[in-house]
Amino acid sequence: MTIAEGVQLVAFALLTFMIIGSAIGVVLLENIVYSGFLLGGVLVSMAGMYLLLNADFVAAAQLLVYVGAVNVLIIYAIMLVNKRESFPPLTRGWIRPVSTAAVSLGLFALLATTILSTPWTISSAPVAVNSAVTIGKHFFSDFLLPFELASVLLLIAMVGAIIIARRDFIPEQKPAAGETDVYTLPERPRELVGSAAESTPTQE
Amino acid sequence: MELQLEYFLLIAAALFCIGIYGLITSRNAVRVLMSIELLLNSVNLNLMAFSNFIDPEGIKGQVFTVFVITVAAAEAAVGLAIVLAIYRSRNTIDMEQFNLLKW
(Lines give C-alpha, C1' and ligand atoms only; values in the text may rest on other atoms or scores of the structure.)
Protein backbone atom coordinates (compact mmCIF):
# COMPACT_ATOMS: atom_id res chain seq x y z
CA MET A 1 0.00 0.00 0.00
CA THR A 2 1.55 3.24 -1.07
CA ILE A 3 -0.98 5.57 0.51
CA ALA A 4 0.01 7.18 3.78
CA GLU A 5 -1.49 5.73 6.92
CA GLY A 6 -3.35 8.87 7.90
CA VAL A 7 -5.05 9.01 4.54
CA GLN A 8 -5.94 5.34 4.89
CA LEU A 9 -7.51 5.88 8.29
CA VAL A 10 -9.52 8.90 7.17
CA ALA A 11 -10.72 7.08 4.06
CA PHE A 12 -11.60 4.04 6.15
CA ALA A 13 -13.65 6.09 8.61
CA LEU A 14 -15.44 7.89 5.79
CA LEU A 15 -16.22 4.65 3.96
CA THR A 16 -17.43 3.03 7.18
CA PHE A 17 -19.80 5.91 7.81
CA MET A 18 -21.10 5.73 4.24
CA ILE A 19 -21.55 1.97 4.26
CA ILE A 20 -23.34 1.68 7.59
CA GLY A 21 -25.48 4.79 7.10
CA SER A 22 -26.52 3.85 3.57
CA ALA A 23 -27.27 0.27 4.61
CA ILE A 24 -29.51 1.46 7.43
CA GLY A 25 -31.21 3.78 4.94
CA VAL A 26 -31.73 0.89 2.50
CA VAL A 27 -33.44 -1.14 5.18
CA LEU A 28 -35.44 1.52 6.99
CA LEU A 29 -36.52 4.17 4.49
CA GLU A 30 -40.15 4.15 3.43
CA ASN A 31 -39.59 5.19 -0.17
CA ILE A 32 -38.22 2.25 -2.13
CA VAL A 33 -36.63 4.53 -4.75
CA TYR A 34 -34.40 6.13 -2.13
CA SER A 35 -33.48 2.64 -0.95
CA GLY A 36 -32.43 1.69 -4.45
CA PHE A 37 -30.11 4.66 -4.84
CA LEU A 38 -28.69 4.23 -1.33
CA LEU A 39 -27.91 0.63 -2.23
CA GLY A 40 -25.80 2.07 -5.04
CA GLY A 41 -24.01 4.16 -2.41
CA VAL A 42 -23.28 1.04 -0.36
CA LEU A 43 -21.89 -0.75 -3.40
CA VAL A 44 -19.63 2.17 -4.42
CA SER A 45 -18.33 2.50 -0.86
CA MET A 46 -17.63 -1.22 -0.83
CA ALA A 47 -15.49 -0.77 -3.95
CA GLY A 48 -13.55 1.87 -2.02
CA MET A 49 -13.03 -0.64 0.79
CA TYR A 50 -11.63 -3.10 -1.73
CA LEU A 51 -9.18 -0.45 -2.89
CA LEU A 52 -8.04 -0.03 0.71
CA LEU A 53 -7.48 -3.80 0.79
CA ASN A 54 -5.10 -3.70 -2.22
CA ALA A 55 -7.59 -5.24 -4.61
CA ASP A 56 -7.87 -3.03 -7.64
CA PHE A 57 -9.22 -5.66 -10.01
CA VAL A 58 -12.05 -6.75 -7.71
CA ALA A 59 -12.91 -3.11 -7.01
CA ALA A 60 -13.30 -2.52 -10.74
CA ALA A 61 -15.36 -5.70 -11.07
CA GLN A 62 -17.54 -4.57 -8.16
CA LEU A 63 -18.17 -1.22 -9.83
CA LEU A 64 -18.92 -2.79 -13.21
CA VAL A 65 -21.06 -5.71 -12.11
CA TYR A 66 -22.76 -4.49 -8.95
CA VAL A 67 -23.23 -0.79 -9.62
CA GLY A 68 -23.46 -1.08 -13.38
CA ALA A 69 -25.63 -4.16 -13.69
CA VAL A 70 -27.25 -5.31 -10.46
CA ASN A 71 -28.18 -1.90 -9.11
CA VAL A 72 -29.52 -0.73 -12.46
CA LEU A 73 -31.53 -3.95 -12.67
CA ILE A 74 -32.97 -3.33 -9.22
CA ILE A 75 -33.92 0.23 -10.14
CA TYR A 76 -35.58 -1.05 -13.29
CA ALA A 77 -37.55 -3.52 -11.19
CA ILE A 78 -38.60 -0.70 -8.87
CA MET A 79 -39.83 1.27 -11.86
CA LEU A 80 -41.72 -1.72 -13.24
CA VAL A 81 -43.50 -2.58 -10.00
CA ASN A 82 -43.63 0.91 -8.55
CA LYS A 83 -47.13 0.62 -7.22
CA ARG A 84 -47.64 2.79 -4.19
CA GLU A 85 -49.61 0.61 -1.88
CA SER A 86 -50.01 0.85 1.83
CA PHE A 87 -49.54 -2.62 3.16
CA PRO A 88 -52.34 -3.74 5.45
CA PRO A 89 -51.11 -3.89 9.03
CA LEU A 90 -50.63 -7.29 10.54
CA THR A 91 -52.07 -8.43 13.79
CA ARG A 92 -49.35 -8.11 16.41
CA GLY A 93 -47.09 -6.75 13.69
CA TRP A 94 -44.67 -5.21 16.15
CA ILE A 95 -43.37 -8.60 17.25
CA ARG A 96 -41.40 -9.21 14.12
CA PRO A 97 -39.28 -6.00 14.02
CA VAL A 98 -38.60 -6.12 17.75
CA SER A 99 -37.61 -9.78 17.81
CA THR A 100 -35.56 -9.44 14.62
CA ALA A 101 -33.73 -6.42 16.01
CA ALA A 102 -32.96 -8.39 19.16
CA VAL A 103 -31.69 -11.35 17.15
CA SER A 104 -29.59 -9.10 14.90
CA LEU A 105 -28.02 -7.27 17.83
CA GLY A 106 -27.30 -10.59 19.53
CA LEU A 107 -25.74 -11.94 16.36
CA PHE A 108 -23.59 -8.83 16.05
CA ALA A 109 -22.48 -9.14 19.67
CA LEU A 110 -21.60 -12.79 19.12
CA LEU A 111 -19.65 -12.05 15.94
CA ALA A 112 -17.86 -9.10 17.55
CA THR A 113 -16.71 -11.12 20.56
CA THR A 114 -15.58 -13.92 18.27
CA ILE A 115 -13.68 -11.53 16.02
CA LEU A 116 -11.98 -9.73 18.90
CA SER A 117 -11.07 -12.87 20.82
CA THR A 118 -9.66 -14.92 17.97
CA PRO A 119 -5.87 -14.73 17.56
CA TRP A 120 -5.54 -14.13 13.83
CA THR A 121 -2.31 -15.19 12.17
CA ILE A 122 -1.51 -12.07 10.23
CA SER A 123 0.87 -12.82 7.40
CA SER A 124 3.71 -10.40 6.82
CA ALA A 125 4.43 -11.49 3.27
CA PRO A 126 4.57 -8.76 0.65
CA VAL A 127 1.34 -7.97 -1.10
CA ALA A 128 0.89 -9.28 -4.63
CA VAL A 129 1.94 -6.44 -6.88
CA ASN A 130 -0.31 -7.11 -9.84
CA SER A 131 -3.50 -8.63 -8.53
CA ALA A 132 -5.14 -9.02 -11.92
CA VAL A 133 -2.31 -11.24 -13.16
CA THR A 134 -2.46 -13.38 -10.02
CA ILE A 135 -6.24 -13.75 -10.25
CA GLY A 136 -5.95 -14.70 -13.92
CA LYS A 137 -3.39 -17.38 -13.09
CA HIS A 138 -5.75 -18.76 -10.48
CA PHE A 139 -8.65 -18.77 -12.92
CA PHE A 140 -6.81 -20.77 -15.52
CA SER A 141 -4.93 -23.20 -13.30
CA ASP A 142 -6.50 -24.34 -10.04
CA PHE A 143 -9.90 -22.62 -10.37
CA LEU A 144 -10.54 -23.59 -13.98
CA LEU A 145 -13.58 -25.79 -13.32
CA PRO A 146 -15.44 -23.21 -11.16
CA PHE A 147 -14.58 -20.57 -13.74
CA GLU A 148 -16.19 -22.55 -16.56
CA LEU A 149 -19.12 -23.49 -14.34
CA ALA A 150 -19.67 -19.80 -13.59
CA SER A 151 -20.01 -19.07 -17.30
CA VAL A 152 -22.56 -21.88 -17.65
CA LEU A 153 -24.39 -20.56 -14.59
CA LEU A 154 -24.59 -17.08 -16.11
CA LEU A 155 -26.03 -18.52 -19.33
CA ILE A 156 -28.61 -20.57 -17.41
CA ALA A 157 -29.58 -17.58 -15.28
CA MET A 158 -30.01 -15.37 -18.35
CA VAL A 159 -32.24 -17.87 -20.13
CA GLY A 160 -34.18 -18.56 -16.96
CA ALA A 161 -34.74 -14.88 -16.23
CA ILE A 162 -36.03 -14.29 -19.76
CA ILE A 163 -38.39 -17.26 -19.57
CA ILE A 164 -39.72 -16.35 -16.12
CA ALA A 165 -40.21 -12.66 -16.83
CA ARG A 166 -41.74 -13.11 -20.28
CA ARG A 167 -45.40 -12.36 -20.73
CA ASP A 168 -47.15 -15.50 -21.84
CA PHE A 169 -50.18 -15.05 -24.06
CA ILE A 170 -51.42 -18.47 -24.92
CA PRO A 171 -53.93 -18.40 -27.82
CA GLU A 172 -57.41 -19.37 -26.81
CA GLN A 173 -58.19 -21.71 -29.68
CA LYS A 174 -55.92 -24.01 -31.53
CA PRO A 175 -55.44 -23.26 -35.24
CA ALA A 176 -57.23 -25.46 -37.72
CA ALA A 177 -55.71 -28.72 -38.81
CA GLY A 178 -54.48 -27.47 -42.14
CA GLU A 179 -52.62 -24.45 -40.73
CA THR A 180 -50.25 -26.17 -38.39
CA ASP A 181 -47.25 -26.05 -40.66
CA VAL A 182 -46.37 -22.50 -39.58
CA TYR A 183 -44.72 -22.56 -36.19
CA THR A 184 -45.06 -19.46 -34.08
CA LEU A 185 -44.16 -18.59 -30.56
CA PRO A 186 -47.03 -19.17 -28.13
CA GLU A 187 -47.57 -15.49 -27.49
CA ARG A 188 -49.47 -12.72 -29.16
CA PRO A 189 -48.70 -9.01 -29.26
CA ARG A 190 -50.60 -7.06 -26.68
CA GLU A 191 -53.46 -4.96 -27.93
CA LEU A 192 -52.58 -1.33 -28.15
CA VAL A 193 -54.40 0.98 -25.79
CA GLY A 194 -55.78 4.44 -26.33
CA SER A 195 -55.94 6.27 -29.62
CA ALA A 196 -53.38 4.03 -31.26
CA ALA A 197 -55.83 1.16 -31.08
CA GLU A 198 -58.32 2.72 -33.49
CA SER A 199 -55.75 3.86 -36.03
CA THR A 200 -53.85 0.62 -36.36
CA PRO A 201 -55.50 -2.63 -37.33
CA THR A 202 -55.28 -5.30 -34.68
CA GLN A 203 -53.32 -8.32 -35.57
CA GLU A 204 -55.84 -10.98 -34.78
CA MET B 1 -2.03 3.06 14.29
CA GLU B 2 -2.63 0.99 11.26
CA LEU B 3 -5.63 -0.60 9.65
CA GLN B 4 -6.29 -3.93 11.30
CA LEU B 5 -8.12 -7.04 10.16
CA GLU B 6 -10.61 -6.72 12.99
CA TYR B 7 -11.94 -3.37 11.75
CA PHE B 8 -13.00 -4.83 8.43
CA LEU B 9 -14.49 -7.90 10.06
CA LEU B 10 -16.51 -5.74 12.46
CA ILE B 11 -17.88 -3.65 9.62
CA ALA B 12 -18.77 -6.78 7.70
CA ALA B 13 -20.55 -8.17 10.77
CA ALA B 14 -22.54 -4.94 11.20
CA LEU B 15 -23.52 -4.92 7.54
CA PHE B 16 -24.55 -8.57 7.78
CA CYS B 17 -26.80 -7.89 10.77
CA ILE B 18 -28.42 -4.92 9.00
CA GLY B 19 -29.04 -7.17 6.01
CA ILE B 20 -30.61 -9.87 8.19
CA TYR B 21 -32.90 -7.29 9.78
CA GLY B 22 -34.02 -5.96 6.40
CA LEU B 23 -34.44 -9.46 4.99
CA ILE B 24 -36.89 -10.49 7.69
CA THR B 25 -38.80 -7.30 8.45
CA SER B 26 -39.34 -5.71 5.04
CA ARG B 27 -42.59 -6.41 3.24
CA ASN B 28 -41.61 -5.08 -0.16
CA ALA B 29 -40.25 -7.90 -2.30
CA VAL B 30 -37.70 -5.69 -4.04
CA ARG B 31 -36.35 -4.54 -0.67
CA VAL B 32 -35.86 -8.17 0.31
CA LEU B 33 -33.66 -8.62 -2.76
CA MET B 34 -31.69 -5.51 -1.80
CA SER B 35 -31.13 -6.96 1.66
CA ILE B 36 -29.76 -10.13 0.07
CA GLU B 37 -27.31 -7.96 -1.86
CA LEU B 38 -26.21 -6.40 1.44
CA LEU B 39 -25.59 -9.87 2.89
CA LEU B 40 -23.52 -10.92 -0.11
CA ASN B 41 -21.50 -7.72 0.10
CA SER B 42 -20.68 -8.25 3.75
CA VAL B 43 -19.44 -11.76 3.00
CA ASN B 44 -17.36 -10.34 0.17
CA LEU B 45 -15.78 -7.83 2.53
CA ASN B 46 -14.85 -10.69 4.87
CA LEU B 47 -13.24 -12.62 2.04
CA MET B 48 -11.29 -9.59 0.86
CA ALA B 49 -10.05 -8.78 4.36
CA PHE B 50 -8.82 -12.33 4.89
CA SER B 51 -7.25 -12.30 1.46
CA ASN B 52 -5.31 -9.14 2.24
CA PHE B 53 -4.21 -9.86 5.78
CA ILE B 54 -3.77 -13.64 5.92
CA ASP B 55 -3.08 -14.73 2.34
CA PRO B 56 -1.51 -11.72 0.61
CA GLU B 57 0.48 -13.79 -1.87
CA GLY B 58 -2.09 -16.22 -3.19
CA ILE B 59 -5.07 -13.81 -2.91
CA LYS B 60 -7.51 -16.71 -3.20
CA GLY B 61 -10.06 -14.61 -1.33
CA GLN B 62 -10.24 -12.22 -4.26
CA VAL B 63 -10.91 -15.17 -6.57
CA PHE B 64 -13.76 -16.26 -4.29
CA THR B 65 -15.09 -12.72 -4.30
CA VAL B 66 -15.20 -12.67 -8.08
CA PHE B 67 -17.19 -15.90 -8.04
CA VAL B 68 -19.56 -14.50 -5.42
CA ILE B 69 -20.10 -11.40 -7.56
CA THR B 70 -20.91 -13.65 -10.53
CA VAL B 71 -23.41 -15.71 -8.55
CA ALA B 72 -24.93 -12.52 -7.11
CA ALA B 73 -25.52 -11.15 -10.60
CA ALA B 74 -27.28 -14.36 -11.64
CA GLU B 75 -29.30 -14.35 -8.42
CA ALA B 76 -30.40 -10.74 -8.91
CA ALA B 77 -31.55 -11.41 -12.48
CA VAL B 78 -33.57 -14.49 -11.60
CA GLY B 79 -34.93 -13.00 -8.38
CA LEU B 80 -36.18 -9.84 -10.04
CA ALA B 81 -37.74 -11.90 -12.82
CA ILE B 82 -39.58 -13.91 -10.17
CA VAL B 83 -40.73 -10.69 -8.49
CA LEU B 84 -42.06 -9.41 -11.81
CA ALA B 85 -43.90 -12.67 -12.49
CA ILE B 86 -45.46 -12.66 -9.01
CA TYR B 87 -46.44 -9.02 -9.38
CA ARG B 88 -48.24 -9.82 -12.61
CA SER B 89 -50.17 -12.72 -11.18
CA ARG B 90 -50.98 -11.37 -7.69
CA ASN B 91 -50.92 -7.61 -8.51
CA THR B 92 -49.03 -6.83 -5.32
CA ILE B 93 -45.48 -7.03 -3.99
CA ASP B 94 -46.44 -7.48 -0.37
CA MET B 95 -44.52 -10.45 0.98
CA GLU B 96 -47.45 -11.31 3.24
CA GLN B 97 -49.68 -11.96 0.22
CA PHE B 98 -47.38 -14.56 -1.30
CA ASN B 99 -48.88 -17.41 0.67
CA LEU B 100 -50.08 -19.79 -2.02
CA LEU B 101 -47.98 -22.63 -0.64
CA LYS B 102 -48.66 -21.88 3.01
CA TRP B 103 -50.59 -24.79 4.41
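**Figure 1. A salt bridge inside chain B, between Asp94(B) and Arg27(B).** In this predicted model, the side chains of Asp94(B) and Arg27(B) come together at 2.8 Å, counted from N to O. The two partners are far apart along the chain, with their positions 67 residues apart. Asp94(B) sits in the segment after α3 of chain B, while Arg27(B) belongs to the loop between α1 and α2 of that chain. Are these two residues buried or exposed? Both Asp94(B) and Arg27(B) are buried. Counting over all chains, the rule gives two salt bridges, and the next view shows a pair that crosses between chains.

**Figure 2. Glu96(B) reaches across to Arg96(A).** Here the side chains of Glu96(B) and Arg96(A) form a salt bridge with an N to O distance of 2.7 Å. On one side, Glu96(B) lies in the segment after α3 of chain B; on the other, Arg96(A) is part of helix α4 of chain A, which covers residues 95-117. How exposed is each partner? Glu96(B) has a relative accessible area of 24%, so it counts as partly exposed. Arg96(A) is partly exposed too, at 28%. Across the interface of chain B and chain A, the rule finds one salt bridge.

**Figure 3. Where chain B and chain A touch.** Zooming out a little, we find 71 residues of chain B in contact with 83 residues of chain A. The size of an interface is often given as the accessible area lost when the parts come together. For chain B and chain A that area is about 7200 Å², and 78% of it is on carbon and sulfur atoms. Which residues of chain B lose the most area to chain A? They are Tyr21(B), Arg31(B) and Met34(B), which together account for 9% of what the chain B side buries. There are also ten residue pairs in polar contact across this interface, with both residues at pLDDT 80 or more.

**Figure 4. The chain B side of the interface, helix by helix.** Three elements of chain B give two or more residues to the side that touches chain A: α1 (5-25), α2 (29-53) and α3 (60-90). Which one gives the most? That is α3(B), with 23 residues. Sorted by kind, the residues on this side of chain B are 48 nonpolar, 13 polar and ten charged.

**Figure 5. Asn41(B), tucked in helix α2 of chain B.** How much of Asn41(B) is left accessible? Its relative accessible area is 0%, so Asn41(B) is buried. The side chain of Asn41(B) makes a polar contact with the side chain of Gln62(A), at 3.2 Å. Setting aside the neighbours within four places in sequence, Asn41(B) is in contact with Leu43(A), Met46(A), Tyr50(A), Gln62(A) and Tyr66(A) from chain A, and with Leu15(B) from chain B.

**Figure 6. Two residues of chain B with a positive phi, Ile59(B) and Asn91(B).** Start with Ile59(B), which has a phi of about 40° although it is not a glycine. Ile59(B) is found in the loop between α2 and α3 of chain B. With a relative accessible area of 4%, Ile59(B) is buried. Now look at Asn91(B), in the segment after α3 of chain B. Asn91(B) isn't a glycine either, yet its phi is positive, at about 60°. At 45% relative accessibility, Asn91(B) counts as partly exposed.

**Figure 7. Ser141(A), in a loop of chain A.** Ser141(A) sits between two helices of chain A, α5 (131-140) and α6 (144-165). A polar atom of the Ser141(A) side chain lies 2.6 Å from the backbone oxygen of Lys137(A). Is Ser141(A) buried or exposed? Its relative accessible area is 51%, and the cut-off for exposed is over 50%, so Ser141(A) is exposed.

**Figure 8. Chain A around these close-ups.** To help you place the views, chain A has seven helices and zero strands, giving the pattern α-α-α-α-α-α-α along the sequence. Of the 204 residues in chain A, 25% are buried. Chain A exposes about 13700 Å², with 70% of that supplied by carbon and sulfur atoms. Among contacts between residues at least 6 apart in the sequence of chain A, 45% join residues at least 24 apart.

Definitions and conventions. Residues are numbered from 1 along each chain as its sequence is written. Chains are lettered from A and ligands numbered from 1 in the order in which they are written. Side-chain values use heavy atoms; hydrogens and water are left out. Helices (H or I, at least four residues) and strands (E, at least two) are DSSP runs, numbered from the N terminus. Buried means under 20% relative accessible area, exposed over 50%, partly exposed in between (1.4 Å probe, protein chains only). Contact means heavy atoms within 4.5 Å. Accessible areas come from the Shrake-Rupley method with a 1.4 Å probe; for residues, only the protein chains shown count as cover. Buried area is the accessible area (1.4 Å probe) that two parts lose on being put together, summed over both. A salt bridge is a side-chain nitrogen of Lys or Arg within 4 Å of a carboxyl oxygen of Asp or Glu. A polar contact is a pair of N or O atoms within 3.5 Å; within protein, one must be able to donate a hydrogen and the other to accept it, and residues adjacent in sequence count only if both atoms are side-chain atoms. Ala, Val, Leu, Ile, Met, Phe, Trp, Tyr, Cys and Pro count as nonpolar, Asp, Glu, Lys and Arg as charged, and the others, Gly among them, as polar.
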